[in-house]
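Student: Please give a close, connected account of one part of this model, following it from its internal architecture to its surroundings.

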Amino acid sequence: MAKQEPALTRRTVAVVGGGWSGCAAAVELARAGHKVTLFEAARTLGGRARRVATDDATLDNGQHIMLGAYRDTLRLMKLVGVDLHQAVLKLPLQMRYPPLSPAPGMDFLAPRLPAPLHMLVALLRAKGLEREDKLSLARFSTTARWMGWQLHADCSVGELLQRFDQTERLIKLMWRPLCLAALNTPPERASAQIFLNVLRDSLGASRSASDMLLPRADLSALFPDAACRWLASHDGSVRTGAKVRSLQRAGNGLWKVDASGDAVGGNWSAYFDGVVLANTASHAAVLLHDIAGADTSALCTQLTAFESEAITTCYLQYDAGLKLDLPMYALVDQPDRHEWGQFVFDRGQLDSKQAGLLAVVISASGAVVEQGHALLAEAVAVQLAVAFQWPELGAPRWFKVITEKRATFACAPAMIRPGNSTGLSGLAIAGDYTASDYPATLESAVRSGIGAAASLFV
Ligand SMILES: Cc1cc2nc3c(=O)[nH]c(=O)nc-3n(C[C@H](O)[C@H](O)[C@H](O)COP(=O)(O)OP(=O)(O)OC[C@H]3O[C@@H](n4cnc5c(N)ncnc54)[C@H](O)[C@@H]3O)c2cc1C
C-alpha cells in the first residue's frame with residue numbers, strides 16, 4: 001500500500017528581514033504551503049546584497065561573486081524564475097593579474113576540463129609562478145585532499161600556510177587574496193577550517209562547482225525581487241519599509257508581531273503561528289531580549305559576540321568605450337604604498353547599461369575607510385593606471401565609494417555559531433552567521449533560511 005503523506009497544517013508565518021536568508025526562508029515556507037508575510041525595514045529588498053540608487057547610477061552596495069558550489073542559492077533562484085544564463089556570467093576558476101603591471105603578478109586559469117584535470121592543467125600552465133611555487137601549491141592541494149579538507153583543531157590561515165610550507169609568492173598572489181575575498185578576514189586572523197571548506201568546494205571540486213559566477217543583474221533583482229514576486233503568487237505578501245519593533249508570545253501559543261513604517265500604515269500588530277528572525281545577529285538579539293517571560297540571555301550573548309569586518313567597493317566611471325581585456329582581475333594590494341584595491345571588475349562586460357564602469361573591491365577594509373572617499377578613489381584610480389599601464393584609468397569621470405562597515409562577521413578560528421533554533425516553539429533565527437561550513441556568504445545565508453523554515457514547526 002502506498003505510504004500516505006501526513007496532511008499539512010497550513011500556518012501563518014512572519015519572516016523578519018528581507019535579505020537573502022529571509023527571502024530563502026519565506027520561499028521555502030510558502031513552498032511548504034504556509035501563508036507568509038515578509039517584513040523588511042528598508043525600502044529595497046536584499047539586505048547586505050542589494051541595489052543602491054545614487055544620483056549618477058544604480059549600483060550594488062558591493063560587488064559580489066558566487067561560486068558554482070552555491071547549490072541552494074542557485075536552486076532557489078531558479079525556483080523563483082530567475083534565468084541563470086542571463087543573470088550571471090560564468091567564469092572558470094581564476095586568479096589573473098594585469099599582465100603589464102610593474103608589480104609581479106600571475107596568471108592562473110582553470111581550463112574547461114573534468115576535475116581534477118582542470119586544476120592540474122591550470123597549475124602546469126600558470127604563468128608568473130616559479131617551479132617551487134607550483135610544487136608548493138600541488139603539495140597544499142594533495143595534503144588537504146588527503147586530510148579530507150578537515151583539521152583536528154582549527155588554527156589561523158596564516159599558521160596553516162606555514163605548516164604546509166607555502167612559498168611567499170604563492171601566499172601573496174594566491175592564498176591571501178583568496179582568503180580576503182572568501183572570508184573577508186586577513187589570513188593571520190581567519191579560520192583555517194572554514195578556508196579549507198571553501199577551497200574544498202572550489203579548488204578541490206568539480207569544474208562546474210569551482211566556476212565563478214558574476215552577477216549581471218543588480219543584487220536585488222538577482223534573487224530577492226524575484227522571490228518577492230514568487231511569494232505574491234503563492235499567497236504570501238511582502239512589506240518593505242516595515243520595521244518589526246517587538247515580538248511577544250500571546251497566551252494562545254501565537255506570536256504577536258508589532259511593526260511600524262509607512263508600509264504598514266504607521267503602527268501595526270498581528271498574530272502569527274511562527275516567526276523567523278532573519279534580521280542579522282545583533283538585530284535579532286534586540287527582539288529576542290525583549291520577549292517577556294523567555295530566558296533568551298545565553299542566545300543573545302552569542303548573537304552579540306560577533307565582530308564585524310568592513311568591505312569597501314570603489315566604483316569608477318570612465319567613457320563608455322573603456323573596456324578591460326577581461327571581466328575581472330586580481331590586483332596586488334600594497335597598503336603601505338596606498339594601493340588598496342584587491343580585485344577590479346569591468347561592470348560593462350556584465351551589464352551593457354554600465355559600460356565604462358569599474359568596481360574595485362577592498363575586503364577587510366577597516367583601516368582604509370579612514371582615508372575619506374575622495375582620497376581613496378584617487379589612490380585606487382592611480383593604482384589601476386599603473387597596474388594596467390593605462391594613464392586614462394587615472395582620471396575617472398566620477399566615482400562612488402560604498403563601505404559596508406558590518407559587511408560580514410570576522411571569521412576567526414574555532415568560532416561557535418548558533419543553530420536555527422531559539423529554544424522557543426515557533427520561533428527560529430536565520431542569517432549568514434548561523435552554524436555553517438561557510439563564512440558569511442550568500443550561500444550560508446540562503447542555507448540558513450532553508451534550515452530555519454524546515455525547523456520552525458518540528
Ligand atoms: C560589500 C559586500 C560584499 C560581499 N561579497 C560577497 C561575495 O562576493 N559573495 C558572497 O557570497 N557573499 C558576499 N557578501 C556577504 C553576503 O552579502 C551576506 O552574507 C548576505 O547578504 C547576508 O544575508 P542575510 O540575509 O544573512 O543578512 P542581511 O542581508 O543583513 O539581511 C537582514 C535584513 O533584515 C533587515 N532588518 C533588520 N532589522 C529589521 C527589523 N526589525 N524589521 C524588519 N527588517 C529588519 C535588514 O534591513 C536587512 O535587509 C558580501 C557582503 C557585503 C556587504
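Tutor: The domain bounds used here come from an automatic or database domain assignment. The model is a predicted one. In the protein chain, that assignment gives domain 1 as 12-86 + 218-306 + 420-455, domain 2 as 93-210 and domain 3 as 308-409. The part examined here is domain 3, residues 308-409.

The account starts with a sheet. In general, the strands of a sheet pair through backbone hydrogen bonds, in either a parallel or an antiparallel manner. Here, five strands make an open sheet with the order β16-β17-β18-β15-β19, and their pairing is antiparallel. The edges are occupied by β16 (328-330) and β19 (398-409); each has a single partner strand, so one side of each is left without a neighbour in the sheet. From one strand to the next, the twist averages 20 degrees.

Within this sheet, β17 (residues 343-346) and β18 (residues 357-363) pair over four bridges in the antiparallel sense. At the level of individual residues, F343 stands opposite V361 in β18. A helix is set against the strands: α14 (residues 373-387) lies across β15 (308-317), β17, β18 and β19. Relative to β15, α14 runs at about 65 degrees.

The next topic is the neighbouring domain. The C-alpha centres of domain 2 and domain 3 are 23 Å apart. Their contact draws 15 residues from domain 2 and 16 residues from domain 3. On the domain 2 side of this contact, the elements giving two or more residues are β7 (94-96) and α7 (168-183). Of these, α7 gives the most, with three residues. By character, the residues on that side of domain 2 comprise 10 nonpolar, four polar and one charged.

The ligand provides a further link. The shell around the ligand takes at least three residues from each of domain 1 and domain 3. Two strands of the sheet described above, β15 and β19, are among the elements that each supply at least two residues of this shell. The others are α1 (20-31), β2 (35-40), β11 (243-249) and α15 (442-455). Of the 37 residues around the ligand, those that come nearest are G17, G19, G47, G62 and T441. The shell as a whole divides into 15 nonpolar, 16 polar and six charged residues.

To draw the account together, β19 stands at an edge of the open sheet, is one of the strands that α14 lies across, and supplies at least two residues of the shell around the ligand.

Notes
Residues are numbered from 1 along each chain as its sequence is written. This is a predicted model: local features need pLDDT of at least 70, side-chain atom pairs count only at pLDDT 80 or more; totals for chains, interfaces and linings use all residues. Two residues are in contact if their C-beta atoms, placed from the backbone, lie within 7 Å. Ala, Val, Leu, Ile, Met, Phe, Trp, Tyr, Cys and Pro count as nonpolar, Asp, Glu, Lys and Arg as charged, and the others, Gly among them, as polar. Two strands pair if DSSP finds at least two bridges between them. Axes are lines fitted to C-alpha atoms, for helices over the stretch in contact, and angles run from 0 to 180 degrees between N-to-C directions. A residue is near a molecule or strand if its C-beta atom, placed from the backbone, lies within 6 Å of it.
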